[in-house]
Amino acid sequence: MGEKMSRRPYVREVPPTTWYFRMPRYMRYMVREVTSIFIGIYTVIMLVGLMRLSEGPAQWQSFLDALKSPGSVTFQVLALLFALYNSFTWFNVAPKALPLQFGEDMAPDSVVAIGHYVVWVLLSIFILFWAGVF
Amino acid sequence: MSDNRLAARQIELEVLRYNPETDQEPKFQNYSVPCINEWCVLDALNYLKDNLDPTLAYRWSCHMQVCGSCGMMINGEPKLACKAMLRDYPDTIRIEPLNHFPIERDLVTVADDFIAKLKRVKPYIIPGEKRVPTEGEYKQTPAQLKRYRQFAMCINCMLCYAACPEYGLQPKFIGPAAISLAHRYNIDSRDGGRDERQEEIATDEGVWECTFVGACSEVCPKHVDPAAALQQVKAASTVDWYLEHFMSWVKK
Ligand code: SF4
Ligand code: FES
């Protein structure tokens, strides 16, 4: 049956630490992942706050003062922006995991996405109200 | 008509070539190909092979976006060569074999890994209720069809694997198309094989390897939206887990 085929497949290695530079869409993914680090740090700050609160009024006051330092305010503004970005991008893809079918037809993605925004706004208003902001 | 659909255009193709018999590694070879603006990249390759260099190897068959064999990296993006129109590209186009697959020769990749994964997920109906033909057909309503139809449009072109960074880093990952196909059968009203498929896809090599980069859905030429299928499998598997653990607690 003729000459033997010589197979020698060539494997192109994927750079394990710099792969996300290869395509803009990978960078976009990585940026979103990084935003969650800020959300994580903010959660830790909240837990520290709870701890200070349990230690008494003086400790609580010093915690509140620390929050007002310029560095801390900068961090909180950044964390807020990143949290918003993270939430918006999440709500926009949530319909993928939650297909809804009304009668015969699949509901458009916007139905599930809008549902998420509505719940988010209602919950936020409720928490702000509960916290005595209004 | 004042458009320039039939205008001649000289296209510089930079093609990654690899000959397993003589080359240590792939290298680019440049060709200047006389094209027509309304051609697709596959037409340019066919002209190249017929007139300039008959040694170039690449796969194609249908020239109409249904066979799934002409996938390649075109200017860094996984594309079907028969769907990539020259009018959408600059005069220099770089063509490489699909990322994340070993190169067999020139633009031909080794697809064995993908084929093996397809088999693993049992992409066929495993009837929930066994019947003989005299008992009649398995019926399905249009609503039941619409649930999985999108995931049945896959043409196995592997563009999603070339786009998926997780697959590139962890080749054991069963990957977008195979898991989407498993999901397609899992949610088919005639099927009863979900438990068997879950053993393959609700695992670390299955959906839990996916971090929802979403690149697969962006490149899929058939709008299968594999990322959606994977998230749905994750959600359903999570529900399974809670049910299983909650049920065993209830039983005590
Ligand atoms: S899911 Fe889309 S990109 Fe992936 S193999 Fe199927 S058709 Fe191709
Ligand atoms: S040649 Fe069949 S999909 Fe392109």
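The exercises below work through a predicted model of two chains, A and B, each with a solution in steps.

Because the model is predicted, local features need pLDDT of at least 70 and side-chain atom pairs count only at pLDDT 80 or more, whereas totals for chains, interfaces and linings use all residues. Residues are numbered from 1 along each chain as its sequence is written, chains are lettered from A and ligands numbered from 1 in the order in which they are written, and side-chain values use heavy atoms, with hydrogens and water left out.

**Exercise 1. Describe the hairpin of E3(B) and E4(B), and state which side chains of E4(B) are buried.**

Step 1. Strands here are DSSP runs (E, at least two residues; helices are H or I runs of at least four), numbered from the N terminus, and two strands pair if DSSP finds at least two bridges between them. Strand E3 (residues 71–74) of chain B runs antiparallel to E4(B) and is joined to it by 4 bridges, with Gly71(B) having Leu80(B) as its bridge partner.

Step 2. The hairpin has 2 residues between the strands, and Asn75(B) takes a positive phi near 50° there.

Step 3. In a regular strand the side chains alternate between the two faces of the sheet. Strand E4 (residues 77–80) of chain B shows this alternation: Pro78(B) and Leu80(B) point to one face and are buried, while Glu77(B) and Lys79(B) point to the other and are not. Buried means under 20% relative accessible area, exposed over 50%, and partly exposed in between (1.4 Å probe, protein chains only).

**Exercise 2. Characterise how domain 1 and domain 2 of chain B meet.**

Step 1. The domain assignment, which is automatic or from a database, gives domain 1 (3–109) and domain 2 (112–246) for chain B, and their centres, taken over C-alpha atoms, are separated by 31 Å.

Step 2. With contact taken as heavy atoms within 4.5 Å, 17 residues of domain 1 of chain B touch 16 residues of domain 2 of chain B.

Step 3. Buried area is the accessible area (1.4 Å probe) that two parts lose on being put together, summed over both; between these domains of chain B it is about 1100 Å², with carbon and sulfur atoms giving 68%. Pro78(B), His100(B) and Phe101(B) supply 46% of the area that domain 1 of chain B buries against domain 2 of chain B, more than any other three residues.

Step 4. A salt bridge requires a side-chain nitrogen of Lys or Arg within 4 Å of a carboxyl oxygen of Asp or Glu, and the count between the two domains of chain B is 0.

**Exercise 3. Describe the interface of chain A and chain B, including its salt bridges.**

Step 1. At this interface, 27 residues of chain A are in contact with 46 residues of chain B, and the buried area is about 2900 Å², of which carbon and sulfur atoms give 51%. On the chain A side, Arg8(A), Tyr10(A) and Arg12(A) lose the most area to chain B, together 25% of what that side buries.

Step 2. The rule finds 7 salt bridges across the interface, one of which pairs Glu218(B) with Arg25(A), with the closest N and O atoms 2.8 Å apart.

**Exercise 4. Locate the salt bridge of Asp240(B) and Arg194(B), and state how accessible each partner is.**

Step 1. The side chains of Asp240(B) and Arg194(B) meet at 3.0 Å, N to O. Asp240(B) lies in helix H9 (residues 226–251) of chain B and Arg194(B) in helix H7 of chain B, so the pair ties together parts that are 46 residues apart in sequence.

Step 2. Asp240(B) is partly exposed at 28% relative accessible area, and Arg194(B) is likewise partly exposed at 25%.

Step 3. Elsewhere, salt bridges that share partners join Arg25(A), Arg28(A), Glu77(B) and Glu218(B) into one network.

**Exercise 5. Explain why Cys210(B) and Cys216(B) form no bond with their closest cysteine sulfurs.**

Step 1. A disulfide is a pair of cysteine sulfur atoms within 2.5 Å, and the structure holds 0 of them over all chains.

Step 2. The sulfur of Cys210(B) is 6.7 Å from its closest cysteine sulfur, in Cys216(B), which is too far for a bond. For Cys216(B) the closest cysteine sulfur is in Cys160(B), and at 6.4 Å this too is too far for a bond.

Step 3. Both side chains lie in covered positions: Cys210(B) counts as buried at 15% relative accessibility, and Cys216(B) is buried at 9%.
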